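Visitor: Hello! I would like to learn how to read a protein model, one feature at a time. Could you walk me through this one?

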Amino acid sequence: MRRLFAIEGLACPSCAAGVERRLAHVPGISLAKVHYLTSSVLLDWDEVQLDAQAIVQTVQNAGYRLIERHHPVELAEQLDRQVQSLSVRLAIALFFGMWVMGLALLQYMVTLPAQTAWKIAVVSAMLSLPVLLFSALPMFRMGWRSLQLGDPSTDLLFATATILSIVLSAIALCQNKSAVWFDAATMLVTALLLARLLDAITRRSAIRALIAMEEAAPEEATICDAGRMRRVLVKTIVEGMTVQVDAGEAVAVDGIILAGKSLVNRSILTGESSPVDVVPGDRVEAGCVNLTERIVIKVDRLYGDREVDRLGGSIASEIAAGGAEQGRAESWSAALLYVIPVASVASGLVVFLDEQDLTAAALTALTLWAGLCPCALALAIPLVRLRLSAIGAANGFRIREPRAFEALATVRNIVLDKTGTVTSPELRVVAVEPAEGIEPQEVLIAAAKAETGIRHPIAMAIVALTGEVGSGGRRSARSAEYEALDGEVIRVAGAGERADGRTAVCVDRGGVSIGTIVMENDLLPQASWTVQQLHKMHLTVHLASGDACGPTVRVGAALSLQAERVRAQLTPQDKARLVQQLDAQTVVVGDGVNDALAFAAGVCGISVAGAHGAARQIADVAIERGGVERIPALIQLSRMAARIASQNLYLSVGYNALLIPAAISGAIGPGIAAFAMAASSASVCVNALRLRWPSKRDRRDVEHPTSDCCNAGLNSARVPSC
C-alpha cells in the first residue's frame, strides 16, 4: 500500500534523514521517502507483513508523530508560528549576544586588573543566560534527537561546542580566571538560529506552492435546487447534483454535461489555450473556463477528488518522493563530529606526553573541542542563498526552492513546454489561400464579419488584421457565423489538421467556399537562441506539449531538435513520466498549471513570465521578467553559486584548523578562538558578496534574432509526419 503521511515536529534535514533510514530498515516497508521541506513521508508497505500501527510506533520511537497528511493551510500556519518563534529567539540572541561580544572585545583589547576582568566575565555569564536558556533550546532539542536517530547534525555539532564552552567558562570562573567562552557560545547559537530562520522561510514557501494548487479552481458554484439557482461552497456539493456554469465563468466541479453546447478553455490541465468544443455527454473538469454558452453539469466527483485536487495530491507525492536530501553543510557537520573529537583527544595526548600533566592535557582537549566548531559553517550556505535572493529580486526572478536552484549547476536535460514558453500563446495569420477569382482581402473581411465580437484565439487573430467588421457574429459549437440583412450567411469553420502542422479555417459565403485562412503560434524570437546556448552548454533539450502532433513537431523542427526529443499530446501525468524516464538531473520549463506535476518530478522547475499564478508558486524558480532566454544565465549563476558555496565551506573550517597547532603549543585561549570564528565568518560573508548576475561576457551573449528571422525559420522548417 502506498500513502502520503505527515510527520509532526520535523525540524532539521538530518532528522528527516534519520527517520527515513529508520523506516527503510523496517521489514515490510519497500519505500520510505521523508521530505523535510513539506514535513511529509511517502510510504509503500506490505499490509500483510506490516500494519500501519507498527509504522506509527516506529516514528514515535524516533521522537516524532506520524499523522494524516497535513492540509497545506494548516502546515503553513504551523510554519508561520515557527518563523515567528525563531525570529523572537534570534532577536534575543542578537540583543544579549551583542553585549557579550562587546565585553569580550574589551577584555581582548584592554589589559584590565584581574579582579575587574573576572567581574566582567561574570557579567558576560549573566548576559548570556537568556541566549543559552531560551534561544538555544531548539538547538539542544534537535541535537539530542539527531543523536537518538544516530544521524549527526549541525545542531548536535553546535550544541556540543556550546556546552563545552559553558563548561570551560564555569571552570575558569571557579578558578577566579577571566578567560571565558560565553562570546563563542552566543555566537554559535546566533549563527545557527539565523540559518534555521532562513530554512523555515524556505519551507513555508514550499507549502504555499501546494496551497496555490488548491486555489486554482473556484470555491463556489451555482447549483440547481428544485428549479431554483443558488450559490454554495464547492466543498458542500455532493455527487449527482447539477451545477450551472454561465459563459465566461470558471467550472468549479468535475462532471458530465447534461445540457448546453459550448467551448471550454482547458489550459489549466493541458496547457493549450485553444478552446475545445463540448456537447452534452462530454466531460469537463474544475478549473476549465466556459467560453460561449451556458452549460449544466452533473457532478460525478466530490471536492477533494476532482482532477485539479488529484493533480495537487500528485504534486505533493512527487515532492515527497524526493526524499531527505542532506545539504553539504549537514554532511560536513556530520564529518566534523568525528574529526573534532579525534583532533581534540590527539592534541590532549600530545600535551600529556610532553608535560606529563593530565589536567593540562584534559583542558587542552576540551578547549580545542569547543574552539574548533566553525561558527561560519551554519552561515556558509544560507549566505549564498541570501545573496541569490537579492540577485533574483534585482534581475526579475524568484527562487522558491534553493536546493533545486543549486541543482541547476549539474543538470543534463532541459524539457521545454511549447505554448507560452517557446511560442506565443496567440495565433497569427500567416497565409490566406483564396478560391479562384477571390482576393485575399475579401476572404479576410468576410471572416472578420463572422468573428467580430467573439473572444476566441482564431477570431482574435483574424480581427487583429482587419479590425472589427459589422455588428458581430455568433459562435456555434464548431464554427462562427454571420447573417447579412439580405440573408446571405458567412461561415468560418475548422479545416482540420494540415500536413504542415498549421491551424486552418475555411471561409464559406452563401454555402460556397471562398478561401482558407492559415494561422500558427509564432516561435518566440529568443527561443532558437536559447536552445543554441543550451546545446553549447552540453545540455540535451526536449520539447513536450499537450498540443496536437502537427504544431508541436513543426516547432521542434524549427528549433532544430531531433524528432525523438519532441513529444506531443501529453497529459500532465505523461509529462511527469517523461521527466522521470529521462534522468535524475532534468529541468522542466513551462507556464501552466499542467506543467506543475512535471515541475515536481524534475530536479528543478522553472516558470516563465506570464505563467499561471499556481505554476509560478509551484515552480522552484519563477522568472518574473523575461522568458526562456534567461535560462542559460540562470544555469551559469547556479554554477557560480556552487563554486562560492564550496569555497565558503572550506573557509568556514580553514581558520579553525589553525587552532590545532596553537592548542599543542599551549597558546590557545578564548581570544584566539574568537578571532578564528570572526575571521571565518567574515570570510564567508565577503566571499558570498562575490556572487553576481552573469555579465554579457560570462554568458557569451550574442544578438538575439528578431521575430521575423525566427519565424522565417519556423515557416521554412521541414516537418516530419507524426
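Visitor: Let me begin with a detail: which residue in β13 is the bridge partner of Ile 257?

Guide: Welcome! Please keep in mind that this is a predicted model. As a general idea, strands of a sheet pair through backbone hydrogen bonds, either parallel or antiparallel. Here, the bridge partner of Ile 257 in β13 is Ile 297. The two strands involved, β8 (residues 255–259) and β13, run antiparallel and are joined by four bridges.

Visitor: What pairs with β13 over four bridges in the antiparallel sense, starting from residue 242?

Guide: That is strand β7 (residues 242–245). Within this pairing, Gln 244 has Val 296 of β13 as its bridge partner.

Visitor: In what order do the strands of this sheet lie?

Guide: The order is β6-β5-β7-β13-β8-β11, an open sheet of six strands with antiparallel pairing. At the edges are β6 (228–233) and β11 (283–284), each of which pairs on one side only. Next to the β6 edge, strand β5 (residues 220–225) is joined to β6 by six bridges, and Ile 223 stands opposite Arg 230 there.

Visitor: Why is strand β13 described as largely enclosed?

Guide: Strand β13 (residues 295–299) is largely enclosed by the rest of the structure because four of its five residues are buried.

Visitor: Which strands make up the open sheet of three?

Guide: That one has the order β10-β9-β12, again with antiparallel pairing. Its edge strands are β10 (276–278) and β12 (289–290), each pairing on one side only. Strand β9 (residues 262–265) meets β12 over two bridges, and Val 264 stands opposite Asn 290.

Visitor: Which strands pair with β15 in the parallel sense?

Guide: Strand β22 (residues 540–544) does so over four bridges, and strand β24 (residues 586–590) also pairs with β15 over four bridges. Leu 416 takes part in both pairings: it stands opposite Leu 543 in β22, and its bridge partner in β24 is Val 589.

Visitor: And how should I read the two faces of a strand?

Guide: In a regular strand the side chains alternate between the two faces of the sheet. In strand β15 (residues 413–416), Asn 413 and Val 415 lie on one side, while Ile 414 and Leu 416 lie on the other. These four residues are all buried, and both faces of the strand are covered.

Visitor: Which residues touch the most other members of the largest nonpolar core?

Guide: They are Leu 408, Ile 414, Leu 416, Val 589, Ile 635 and Leu 691, in a core of 77 residues. Helix α21 (residues 631–657) gives the largest share of this core, eleven residues. A second, separate core has 24 residues, including Val 429, Ala 446, Val 492 and Val 507.

Visitor: What is Leu 691 in contact with, leaving aside its neighbours within four places in sequence?

Guide: Its contacts are Val 384, Arg 387, Leu 388, Ile 391, Leu 637, Met 640, Ala 641 and Ile 644.

Visitor: How do I read a helix, then?

Guide: An α-helix has 3.6 residues a turn, so residues three or four places apart point the same way. Take helix α15 (residues 457–466), where the buried residues are Pro 457, Ile 458, Ala 459, Ala 461, Ile 462 and Val 463. Their cover includes β16 (423–434), α14 (440–451), β20 (503–509) and β21 (512–523). After α15 comes Gly 467, with a positive phi near 80°.

Visitor: Which residues does UniProt list for "transmembrane region"?

Guide: The unreviewed UniProt entry lists eight spans under that name, among them 116–135 and 179–198. In the model, residues 116–135 are 100% helix and 0% strand, with the end C-alpha atoms 28 Å apart. Residues 179–198 are 85% helix and 0% strand, and their end C-alpha atoms lie 33 Å apart.

Visitor: How many disulfides does the structure hold?

Guide: Zero. As for individual cysteines, Cys 174 is exposed, with a relative accessible area of 69%, whereas Cys 288 is buried at 0%.

Visitor: Finally, how many helices and strands are there in the protein chain?

Guide: There are 25 helices and 26 strands. Of the chain's 722 residues, 54% count as buried. The chain exposes about 30600 Å², with carbon and sulfur atoms supplying 57% of that area. Among contacts between residues at least 6 apart in sequence, 69% join residues at least 24 apart.

Definitions and conventions:
Residues are numbered from 1 along each chain as its sequence is written. This is a predicted model: local features need pLDDT of at least 70, side-chain atom pairs count only at pLDDT 80 or more; totals for chains, interfaces and linings use all residues. Side-chain values use heavy atoms; hydrogens and water are left out. Two strands pair if DSSP finds at least two bridges between them. UniProt positions are given in the numbering used here, feature names are shortened, and annotations may be inferred rather than shown by experiment. A disulfide is a pair of cysteine sulfur atoms within 2.5 Å. Buried means under 20% relative accessible area, exposed over 50%, partly exposed in between (1.4 Å probe, protein chains only). Contact means heavy atoms within 4.5 Å. Accessible areas come from the Shrake-Rupley method with a 1.4 Å probe; for residues, only the protein chains shown count as cover. A nonpolar core is a set of buried Ala, Val, Leu, Ile, Met, Phe, Trp, Tyr and Cys residues joined through side-chain atoms within 4.5 Å.
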